[in-house]
Every structure is written in C-alpha cells, then in structure tokens.
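Trainee: Could we go through this model together? I would like to begin with the overall picture and then turn to details.

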Amino acid sequence: MARKIVIIGSGPAGLTAAIYAARAGLSPLVLEGPSPGGQLLTTTTIENFPGFENGVGGFELMDTIRRQAVKFGAECRVAAVTAVDFQSRPFRLTVDETELIEADSVIIATGATARYLGLPSEIAMRGHGVSACAVCDGFFFMGKEVAVVGGGDTALEEACHLTRFATKVYLVHRRDQLRASKAMQKRAHANEKIQFVWNSVVLEVISDNGTDVAGLLLKNVVDGTHSVLPVQGMFLGIGHVPATGVFKDAIELDEEGYIKLKHHTGTSVQGVFACGDVADSRYRQATTAAGSGAAAAMDCERWLADRGE
C-alpha cells in the first residue's frame, strides 16, 4: 500500500515538513538518508535559530526536531533513496538499492553540501575555525583575522559579511583576477578590511592545539613559494552542490543542479514538492529551510485534499 507522503531528507526542511504532515494526520515516512540530521550535525554551536537564546548544538537541535516529528506520528528510517520513478502515481522509490516504496506524494528535502578543498587538516578543523557559512559563524570571529577562499560572488559576499566582525579578512584566490560580478568586486575593493591574496592556494590549515585555527599554509601558484597566513578562521566560498543526483532525470533542475520550483514549493512533477537547500541557492539557512519545509507540507496536504486523498 502506498504511503500518503514520503519525505526524502532529514535536515531542518525535511523534519519540519514531517511535523506539519504528521499533525495533519498524514503519517509521513521520513527517509533520513545515510547521515540523519543533515549538515547541522557538524555544527558545534548554532546561535541564530529562534528559541535558543544561549545557542544550541547542531546534534541537539536536530534530535529535538526529530523527536517532535515522531511524537506527532512521523516514521523516521535511516535509509537512502537510490532511484525514483515519478512517471506515474503512486510514485516508486527504490531504497538502499533493493527495497521499493510507493508514495502518493513526495517531498524532497535532500539539501546541499558546501564545496570544500578536501584537505585532511581542513576536514579535521570543520566547526573549529573552518566554516562554509559566514552568516552562521561570523559572529564567533569578533575581533579576529580570517580568510575566505574563492573568487566568485559567494566568496565576496562571505568576505563582506565577515568584515562586520573580523578586524581583517583575507580573500585567497588562485588567480590574479576575480570571477565575481563587477558590482560585487567594486563593493569588496572598497572595503578597507578586505585584503586580496592573489595566485595562492591553501595547502594546510594550521592548528597548534587541534581545536583552534592558527594560520594557513599557502602556495603561490606562479613562483611555487610557500608562506603562512596568520588567521584564526577559514571560510570556504567556492559554492555548494545540491543533492539532486538521483532526481536528475525525474524532475526539472536548473543549470547548477538545484530543483526548479513552480507555484511555491511544487516541482515539474505534480505531487512532488521540494524544500530547503536542495531548491535554495540563495539563503541556505536552517531557519529558511525549516520555513520552506512547513510550506511544502502544507502545499502537499492541500494537493492531496484537492484530489480527495
């Protein structure tokens, strides 16, 4: 028997959608993926999620939201969707390459992941001075010097935002000119707190104690020389990758791979909705993801009700 609603993804968007769908009596099934809780599980402290005046840990926040969804009747399973068939209803989802689940409607909330450099030292210091979200973590670098890696609009937006907190922001770029729009370049060049480090790549994130960033080992790609940039934080501004690989032939995506939305949270397939970072290349915040999850559940509920289901 087909499930009324299957939600793919277990970040703020997916679990908020589950709360709304469960309270509507639709008993949603949440397929949590291989990493339940999404990207917030790697965040040590979140201070901009409403309701937590002293901040909250990423694991604690997602565990609380998950338990709230389960309390109202959502079923959560640690399982990955490996194939989908949206050509007819009920929709067919292949889970963990073997199990088949049918659904009258689907909400996609698989999120997006930040692009990282892939350095072992960078991975070790994520959440301890290495971040891909200036809006999320900039406040923690009040009065410090930080670096942003990248040369596009994302990097320059991150750098400009960080100047509200940091005393100096180094923009590390592997070329000698930026890829960002002229408007963003003008804004960044006009900011006295931003200093450009051209023709350079990061080789290593340096830490003296394993818990704090002490600097970056850089390589000049023109002359091959190495240098140390003494900063207390590194932000990645090299883009995000939406988790839409399994949907690429099933629904319409934009040129960057994000799901194209129609009529608020709908997709190119009637009965399939999307929310959170998988359809949002602009904000990428836990609060905006949660809000879009609520909207997707409400749209999905109304869509089913309009069909007497």
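Mentor: What follows is a short conversation about this structure.

Mentor: Please note that this is a predicted model, in which local features need pLDDT of at least 70, side-chain atom pairs count only at pLDDT 80 or more, and totals for chains, interfaces and linings use all residues. Residues are numbered from 1 along each chain as its sequence is written, and side-chain values use heavy atoms, with hydrogens and water left out.

Trainee: How many helices and strands are there in the protein?

Mentor: The protein has seven helices and 17 strands. Helices (H or I, at least four residues) and strands (E, at least two) are DSSP runs, numbered from the N terminus.

Trainee: What is the radius of gyration, and what would a compact globule have?

Mentor: The protein has 21 Å, which agrees with the value near 19 Å for a compact globule of 309 residues. The radius is taken over C-alpha atoms, and the globule rule is 2.2 Å times the number of residues to the power 0.38. Along the principal axes, the C-alpha atoms fill a box of roughly 65 × 40 × 35 Å.

Trainee: What share of the residues is buried?

Mentor: Buried residues make up 49% of the 309. Buried means under 20% relative accessible area, exposed over 50%, and partly exposed in between (1.4 Å probe, protein chains only).

Trainee: On to the sheets. Which strand order does the open sheet of five strands have?

Mentor: The order is β8-β15-β9-β10-β11, with parallel pairing; two strands pair if DSSP finds at least two bridges between them. β8 (130–131) and β11 (194–197) stand at the edges with a single partner strand each, so one side of each is left without a neighbour in the sheet.

Trainee: And how many bridges join β9 to β15?

Mentor: Four bridges join β9 (residues 145–149) to β15 (residues 233–236). Valine 149 has leucine 236 in β15 as its bridge partner.

Trainee: Do β4 and β5 run parallel or antiparallel?

Mentor: They run antiparallel, with four bridges joining β4 (residues 81–85) to β5 (residues 91–95). The two strands form a hairpin with five residues between them, and aspartate 85 stands opposite arginine 92 in β5.

Trainee: Changing topic, where is threonine 244?

Mentor: Threonine 244 is in the loop between β16 (240–242) and β17 (272–274).

Trainee: Why does it count as buried?

Mentor: Threonine 244 counts as buried because its relative accessibility is 5%. Leaving aside residues up to four places away in sequence, threonine 244 touches Leu253, Gly257, Ile259 and Val278, where contact means heavy atoms within 4.5 Å.
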